[in-house]
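Let's look at how a few structural labels get earned. Have the model open while you read.

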Amino acid sequence: MTRAEIVTLIERRADAFNRRDVAALTAFHAIDGVVESVMAGTVEGRGAIGDIYRTWFTAFPDATIDLGDVVIEGDRAVQLGTITGTATGGFMGVPPTRKSFKMPVVLFSNFHNGEIAYSRHLYDFTGLLVQIGVLKAKPA
């Protein structure tokens, strides 16, 4: 893929995320694509990848991503962003807290044949749980 094609795919993926369009998000991934994340572990295949997005949007139905810098080298990209949302749908067996969060995210992606072959989502999972009131943090 060219740099321009990768940038376009990344922008379209962010747009689909902000519309919470699971079908569109899933379609960006290769049929046998792999996603690694703190919340889901390692999953393979569009069906399992779609489940990650569905779980996320069920827990945080107003979730959006604001893109920051992107670094592209060959068929690989690292994208910085910030995800915001509110815990109104329940999360990992915890009832909705109705608390908002804002967390930085780093997305590592490898592309092949115009699709995301591999993606790793890094974010501060503990910070998310503190912000939505699932965990308590001691003051510094």
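Q: How do you know that the span of H1 agrees with its 16 residues?
A: The expected span is 1.5 Å times one less than the number of residues. For the 16 residues of H1 that gives 22 Å, and the end C-alpha atoms are 23 Å apart, so the two agree. A helix here is a DSSP run of H or I with at least four residues, a strand a run of E with at least two, numbered from the N terminus. By the way, this is a predicted model, where local features need pLDDT of at least 70, side-chain atom pairs count only at pLDDT 80 or more, and totals for chains, interfaces and linings use all residues. Residues are numbered from 1 along each chain as its sequence is written, and side-chain values use heavy atoms, leaving out hydrogens and water.

Q: What puts the buried residues of H1 on the same side?
A: Buried means under 20% relative accessible area (1.4 Å probe, protein chains only). In H1 these residues are Ile 6, Leu 9, Ile 10, Arg 13, Ala 14, Ala 16 and Phe 17. They cover an arc of only 160° around the axis, so they sit on the same side of H1; the arc is taken from the directions from the helix axis to the C-beta atoms.

Q: What do the buried residues of H1 pack against?
A: They pack against H2, H3, S3, S4, S5 and S6, with contact meaning heavy atoms within 4.5 Å.

Q: Why are S1 and S2 called paired strands?
A: Pairing takes at least two DSSP bridges. Four bridges join S1 (residues 29-37) to S2 (residues 41-44), so they count as paired, and they run antiparallel. One of the bridge partners in S2 is Val 43, which goes with Val 35.

Terms used
Buried means under 20% relative accessible area, exposed over 50%, partly exposed in between (1.4 Å probe, protein chains only).
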